[in-house]
Every structure is written in C-alpha cells, then in structure tokens.
Amino acid sequence: MDDRNLAVGWYRFNSSGGWKIPETVVPGDHCSGLYPGWLDGPHPSVGDGEVTRTVCFTAGSYICRAVTSANRNQEIRVKNCTGYFVYQLWPSSHTDAVYCTATDSALGDPCVTHTVLDQPWRSTNCSNTECSAGTWMGDRNLAVGWYRFNSSGGWKIPETVVPD
C-alpha cells in the first residue's frame, strides 16, 4: 500500500487510526506501508495560518534529511482549523511510502503499546559477555518505540554508575 496515486489536494484525517500526522519518528513497516511518513516539526497554531512542513518517510536507518529529489521527504502545507488540521498533500514519490496518522501519540499509549525487553544479558550482574555466550550485545537495531524491562536483571535502567 502507498500514496503514489494520491491526488494533490487538501486533506483532513478523521478516523479511528488518527486525526493528524504524527510529529515523531514512526518506525519502518508501520501504517500499512514500508516507509511511514511523519511530520518533521510541530503542527501550527491557529495564528500561524498555513505553514510549510516536511514529511519524512522512515526507511531503515534513514530518518530524515533535507528535501531533495534523491530522498524520500516531501514538503507539504499544514493549517490548524481550530480542533483539527488540514494538509495539502502530494503523491508520495516512492513505492510503499504512506502518510501516517496518529491520535495524541504517534507510538500509542506507552503503558499499552510497548515491547518487553526480557533478555537476561541486560542485567548489571553480568560482566563482559558472561551472560551472552561470549558475544557482545547492543541495541543498535532496536526500532523507535516504547520499551519495558522485565527480566532477571531487573525492570529499570540503573540510576547510578554500573561498576566494572
């Protein structure tokens, strides 16, 4: 699914899936498309009138860069109509790129919509690689989102320096 065939025009979102374009990074493979679109910047106030904003389409580790013909970003117009927003949208320039919608939080309610990290190697009781079969572990490939710790190592990030 994508928005390549979207007609240029002004749109208002009004569905159970949301009523505005999210203002925070949306991880890839969301919003029924490979490249979800989100607003890089705040929505305008009523007094701002029509403003130009950039929609970034997340693609892997690519988050957002300046608008050029070589990337997936799209400039749009946005207006606050007191209680809802309207967007002047253009067709997405890439296959599988979609404009996302959200309610108040692009990632949903963090108390409900989160991923549990329950790997024992996260414990501060594990030194070096003793809990990970000799392999150094990292979070470089975690998607943007809400997370909750729940393992033998604990349920929160330490608040003090972890000793060597």
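How many disulfides does the count come to by the sulfur-distance rule? The count comes to two, where a disulfide is a pair of cysteine sulfur atoms within 2.5 Å. A disulfide is a covalent bond between the sulfur atoms of two cysteines. Before going through them, a word on the model: it is predicted, so local features need pLDDT of at least 70 and side-chain atom pairs count only at pLDDT 80 or more, while totals for chains, interfaces and linings use all residues. Residues are numbered from 1 along each chain as its sequence is written, and side-chain values use heavy atoms, with hydrogens and water left out.

One of the disulfides joins Cys31 and Cys100, whose sulfur atoms are 2.0 Å apart. This pair ties together distant parts of the chain, 69 residues apart: Cys31 is in the loop between strands E1 (9–11) and E2 (35–40), and Cys100 is in the loop between strands E6 (97–99) and E7 (115–117). Strands, like helices, are DSSP runs numbered from the N terminus (E, at least two residues, for strands; H or I, at least four, for helices). The torsion about the S-S bond of Cys31 and Cys100 is about 115°, so this disulfide is right-handed. As for how covered the two cysteines are, buried means under 20% relative accessible area, exposed means over 50%, and partly exposed is in between, using a 1.4 Å probe and protein chains only. Cys31 has 33% relative accessibility and so counts as partly exposed, whereas Cys100, at 0%, counts as buried. Right after Cys31 in the numbering, Ser32 sits in the loop between E1 and E2. Its phi is near 65°, a positive value in a residue other than glycine, and Ser32 is exposed, with a relative accessible area of 58%.

The other disulfide is formed by Cys126 and Cys131, with sulfur atoms 1.8 Å apart. Here the torsion about the S-S bond is about -85°, so the disulfide is left-handed. Cys126 is buried, at 18% relative accessible area, and Cys131 counts as partly exposed at 33%. What about Thr129, buried or exposed? Thr129 counts as buried, at 16% relative accessibility. Thr129 lies in the loop between E7 and strand E8 (147–149). Setting aside neighbours within four places in sequence, Thr129 is in contact (heavy atoms within 4.5 Å) with Gly134, Thr135 and Trp136.

Strand E4 is a good place to look at the strand pairing. E4 covers residues 74–80, with Gln74, Ile76, Val78 and Asn80 on a covered face and Glu75, Arg77 and Lys79 on an uncovered one. Two strands pair if DSSP finds at least two bridges between them. Strand E3 (residues 51–57) runs antiparallel to E4 and is joined to it by five bridges; Thr54 has Glu75 as its bridge partner in E4. E4 also runs antiparallel to strand E5 (residues 85–89), with four bridges joining the two, and Val78 stands opposite Tyr87 in E5.

E4 and E5 form a hairpin with four residues between them. Thr82 is found in the loop between these strands and has a positive phi of about 55° although it is not a glycine. Thr82 is exposed, with a relative accessible area of 60%. Cys81, at 23% relative accessibility, counts as partly exposed.

Strand E5 also holds Gln88. Leaving out neighbours within four places in sequence, Gln88 is in contact with Gly9, Trp10, Ile76 and Arg77. The C-alpha atoms of Gln88 and Arg12 are separated by 9.1 Å, with their places 76 residues apart along the chain. Arg12 itself lies over the face of Tyr84, at 3.6 Å from the ring centre. For a charge to sit over a ring, NZ of Lys or CZ of Arg must be within 6 Å of the ring centre and within 35 degrees of the ring normal.

Aromatic rings come next. Rings of Phe, Tyr and Trp (its six-membered ring) pair if their centres lie within 6.5 Å; planes under 30 degrees apart count as stacked, over 60 as edge-to-face and the rest as tilted. The count comes to three aromatic pairs. Among them is the stacked pair of Trp19 and Phe85, 6.3 Å centre to centre with 5° between the planes. The two are 66 residues apart and link distant parts of the chain, Trp19 in the loop between E1 and E2 and Phe85 in strand E5. Trp19 counts as partly exposed at 30% relative accessibility, while Phe85 counts as buried at 10%.
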